[in-house]
Amino acid sequence: MEILHVSAECYPVAKVGGLGDVVGALPKYQQSAGAIAKVVMPAYNTAFREKHSYEIVHQGGLWLGHDWYHFNVWKESTNELGFDLYQVDIPGLLDTPGVYGYPNDTERFLAFQVAVLDWLNEWQHQPDVIHCHDHHTGMIPFLLRFGYKYSRLKHIATVITIHNAQYQGQFGWDKLYLIPSFDLWKSGMLDWNGAINPLAAAIKCAWKVNTVSPNYMEELFRSANGLEGLLNAERGKATGILNGIDDKVWDPATDEMIPAKYGLKDVTKGKKANKEQLCKTFELDPSLPLFVFIGRLVGDKGADLLPEIIGRSLYEHPGELNFLILGSGDAHTEWRLQQARQYAGEHFNVFIGYNEALSHQMYAGADFLLMPSRVEPCGLNQLYALRYGTVPLVRVTGGLKDTVTDFGDPGGFGIRFLHASTGDVCHAIGRALELYRSKVKFSNIRKTIMQLDHSWDKAAQSYIDLYTSLK
Ligand code: NHF
């Protein structure tokens with residue numbers, strides 16, 4: 001079985017969020033499970049591009065409305081990712097330093113998808129399954145089904161994975177002329193609530209629809225930013241498969257990015273050494289429990305609550321805990337956190353930006369991870385935290401509900417709360433402090449969580465089973 005993943009992100013080539021981690025890991029594990037898995041993505045102008053060599057495997061051209069673009073498909077030569085990586089280079093459109101956020105994103109990703117299909121149309125080597133990820137690749141199932149140019153490819157099964165239904169890529173009907181190669185009477189398949197909606201088109205046209213945790217799929221049936229009616233209509237082909245993590249990149253015993261590596265047997269000692277390093281760098285008190293938040297500082301993740309949570313917790317538990325935050329996003333939240341530094345003195349610090357090595361050090365050195373997410377389709381951070389013996393405090397939503405139990409329940413290990421509110425999070429922090437004080441219980445929980453298996457092995461097989469059911 002041969003699978004081609006089509007995605008806007010793939011770690012380590014280009015990553016904005018969890019989508020990049022998934023597409024950088026899943027194909028490796030699918031290969032280990034006996035399938036052939038490849039990835040095709042845009043060729044952005046990134047550091048990765050500079051450092052690697054490529055061979056051109058295809059050259060073509062496409063019309064985007066009235067504009068003609070040349071494109072090349074490159075194959076990365078060293079194959080160091082553990083799978084074949086193809087990149088679509090469209091000079092003047094895709095060769096941007098960043099992934100998203102450009103005024104012509106609609107045009108950029110439409111051109112990317114058309115280039116992928118034009119290439120596949122002429123390639124001898126066609127996959128059995130095209131696995132699309134999120135709305136940036138959502139036009140592919142539509143074009144494969146209805147694009148008259150692509151009749152050679154119609155037999156290829158398509159799967160769309162929804163990583164976050166908040167983003168659907170809608171654009172106006174005035175841009176219909178940008179979409180090539182289909183009869184206008186099929187345009188109803190593109191429509192949802194009066195706009196062209198690539199995610200809706202994918203849900204309508206893909207052979208299977210899935211999302212990244214079973215509970216998030218249940219939530220989507222109830223409310224999916226306007227797509228719930230459609231998802232319910234397509235219920236028969238919808239499923240949820242829990243993401244895994246790359247347990248080779250995220251391995252506390254071998255992680256090159258953390259100062260003191262620790263094995264599964266020696267949680268406490270290794271944790272202490274990492275925490276001391278981290279607290280030294282960020283001028284925090286290493287004798288206190290350390291709570292961290294890692295990720296995008298946006299409303300979906302509940303990051304706007306952080307300044308208040310920190311202020312209130314430090315007031316309620318003076319001199320009893322530290323906070324450290326890593327991330328970037330909403331400018332106002334960034335500014336409020338930087339301001340909070342002034343009143344929280346030695347008990348709080350923040351690093352605004354993206355810093356991969358620091359994120360590893362924080363999982364390794366922290367005692368608790370905060371995830372007050374309003375929306376969390378799967379969440380990978382809680383899984384990284386578990387692997388590094390850091391206890392997650394999570395809102396019971398999406399994949400967080402599927403992966404974190406509460407230490408108050410028999411056999412439970414994390415801390416769960418109901419609402420993305422300061423009150424709920426602060427209450428959870430109070431419970432965390434109690435747990436921290438019960439030294440033996442806390443240490444046992446750490447040992448337990450480090451041994452949970454969240455690798456991709458299981459999910460990779462579930463995806464292969466899903467593809468097999470399509471034959
Ligand atoms: O884990 C990868 C990620 C999810 O919850 C995460 C999210 C975006 O919001 O599937 O995609």
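1. A word on naming to start: helices and strands here are DSSP runs, numbered from the N terminus, with at least four residues for a helix and at least two for a strand. With that in hand, Asp134 is easy to place: this residue sits in the loop that links strand E6 (129-133) to helix H4 (139-146). Please keep in mind throughout that the model is predicted.

2. Asp134 deserves a look at its backbone. Its phi is positive, at about 65°, although Asp134 is not a glycine.

3. Another loop to visit is the one between strand E1 (2-6) and helix H1 (18-32), where you will find Pro12. The peptide bond joining Tyr11 and Pro12 is cis, with omega at about 5°.

4. Now to the ligand. Which residues are closest to the ligand? They are His163, Asn243, Glu376, Cys378 and Gly379, out of 13 residues that surround it. By character, the shell around the ligand comprises six nonpolar, five polar and two charged residues.

5. The polar contacts of the ligand are nice to go through one at a time. Glu376 places a polar side-chain atom 2.5 Å from a ligand oxygen atom. Cys378 takes part through its backbone, with a polar atom 3.0 Å from an oxygen atom of the ligand. Gly379 also uses a polar backbone atom, here 2.8 Å from an oxygen atom of the ligand. How much of the ligand does the protein bury? Taken alone, the ligand exposes 290 Å², and the protein buries 93% of that.

6. Finally, have a look at how two helices pack. The axes of H8 (residues 267-281) and H15 (residues 439-450) come within 10 Å and cross at roughly 95°. Angles of 65 to 115 degrees count as roughly perpendicular, and H8 and H15 are therefore roughly perpendicular to each other.

7. Which residues make the contact between H8 and H15? From H8 come Val267, Thr268 and Lys271, and these meet Ser443, Arg446, Lys447 and Met450 of H15. Sorted by character, the residues of this contact are two nonpolar, two polar and three charged.

How values were computed. Residues numbered from 1 in each chain as written. Predicted model: local features only at pLDDT ≥ 70, side-chain atom pairs only at ≥ 80, totals over all residues. Heavy atoms only, no water. Axes fitted to C-alpha atoms, helices over the stretch in contact; angles between N-to-C directions. Parallel < 35°, antiparallel > 145°, perpendicular 65-115°, else oblique. Contact = heavy atoms within 4.5 Å. Nonpolar A, V, L, I, M, F, W, Y, C, P; charged D, E, K, R; others polar. Near = heavy atom within 4 Å. Polar contact = N/O pair within 3.5 Å; in protein donor to acceptor, adjacent residues only side chain to side chain. Areas by Shrake-Rupley, 256 points an atom, 1.4 Å probe, with all protein chains shown as cover.
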